[in-house]
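Me: Can you walk me through reading a structure like this? I'd like the general idea each time, then the case at hand.

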Amino acid sequence: MGFLSEAKEYQKTKKRFSKCLAGLIADKMDEELLADYLEALADETIASTSLSTVLKRRGIEISDTTVSRHRKGICSCVSQ
Ligand SMILES: [Zn+2]
């Protein structure tokens, strides 16, 4: 494979897996939890620190910074 086509191939693969953790965990949630999670993300009265704390309680290690970036749309999910 030539360098250019290899770089293009790699870029495709990279994009497919470049979701941030806040996006990745959503893929693993069941429907009920996912609905709650998305609603909580959209709810501006719930702080990102609260979301990350509750997620940690449920065994999902995620930082409030990651949650906050995902909510603002400045995470790696955006390029999907
Ligand atoms: Zn994200």
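Reply: Sure, we'll go from the overall fold to helix pairs and then to single residues. Keep in mind that this is a predicted model.

Me: Let's start with the fold. How many helices and strands are there in the protein?

Reply: The usual opening move is to list the elements in chain order. Here the protein has five helices and zero strands, so the order from the N terminus is simply α-α-α-α-α, as the DSSP runs are numbered from that end.

Me: What do I do with the radius of gyration of the protein?

Reply: Compare it with what a globule of that length would give. For 80 residues a compact globule would come out near 12 Å, while the protein has 15 Å. The spans tell you about shape too: the C-alpha trace covers about 50 × 25 × 20 Å along its principal axes.

Me: And what share of the residues of the protein counts as buried?

Reply: Burial here goes by counting neighbours, with 20 or more C-beta atoms within 10 Å as the cut-off for buried. By that count, 12% of the 80 residues are buried.

Me: What part of the contacts comes from residues 24 or more positions apart?

Reply: The idea is to sort contacts by how far apart the partners sit in sequence. Taking contacts with a separation of 6 or more, 57% are between residues at least 24 positions apart.

Me: Now helix pairs. At what angle do H2 and H5 pack?

Reply: You want two numbers for a pair, an angle and an axis distance. Helix H2 (residues 21-28) and helix H5 (residues 64-72) pack at about 85 degrees with axes 8 Å apart. That angle is why they count as roughly perpendicular. On the H2 side the contact uses Leu 21, Ala 22 and Gly 23, and on the H5 side Thr 66, Val 67 and His 70. Sorted by class, that makes three nonpolar residues, three polar and no charged ones.

Me: How do H4 and H5 cross?

Reply: Same recipe. The axes of helix H4 (residues 48-57) and H5 come within 8 Å, crossing at roughly 125 degrees, and the pair is therefore oblique. The crossing is right-handed. H4 brings Ser 48, Thr 49, Leu 51 and Ser 52 to the contact, and H5 brings Asp 64, Val 67, Ser 68 and Arg 71. In this contact two residues are nonpolar, four polar and two charged.

Me: Let's zoom in on H5. Is His 70 buried or exposed?

Reply: Count the neighbours, then look at who they are. His 70 is in helix H5 and counts as buried because it has 24 C-beta neighbours inside 10 Å. Skipping residues within four places in sequence, His 70 contacts Cys 20, Ala 22, Gly 23, Cys 75 and Cys 77. Glu 32, 38 residues away in sequence, is 20 Å from His 70, C-alpha to C-alpha.

Me: What about Thr 65: buried or exposed?

Reply: Thr 65 is also found in helix H5, but it has 12 C-beta neighbours inside 10 Å, so it counts as exposed. Its C-alpha is 8.1 Å from that of Thr 49, 16 residues apart in sequence.

Me: One last residue. Where does Ala 26 sit, and which residues does Ala 26 touch?

Reply: Ala 26 lies in helix H2. With 16 C-beta neighbours inside 10 Å, Ala 26 counts as partly exposed. Not counting residues up to four places away in sequence, Ala 26 touches Leu 34 and Tyr 37. Ser 76 is 50 residues along the chain from Ala 26, and their C-alpha atoms are 14 Å apart.

How values were computed: Residues numbered from 1 in each chain as written. Predicted model: local features only at pLDDT ≥ 70, side-chain atom pairs only at ≥ 80, totals over all residues. Helix = DSSP H or I, 4+ residues; strand = E, 2+ residues; numbered from the N terminus. Rg over C-alpha atoms; globule rule 2.2 N^0.38 Å. Contact = placed C-beta atoms within 7 Å. Axes fitted to C-alpha atoms, helices over the stretch in contact; angles between N-to-C directions. Parallel < 35°, antiparallel > 145°, perpendicular 65-115°, else oblique. Nonpolar A, V, L, I, M, F, W, Y, C, P; charged D, E, K, R; others polar. Left-handed = near helix turned anticlockwise from the far one by under 90°.
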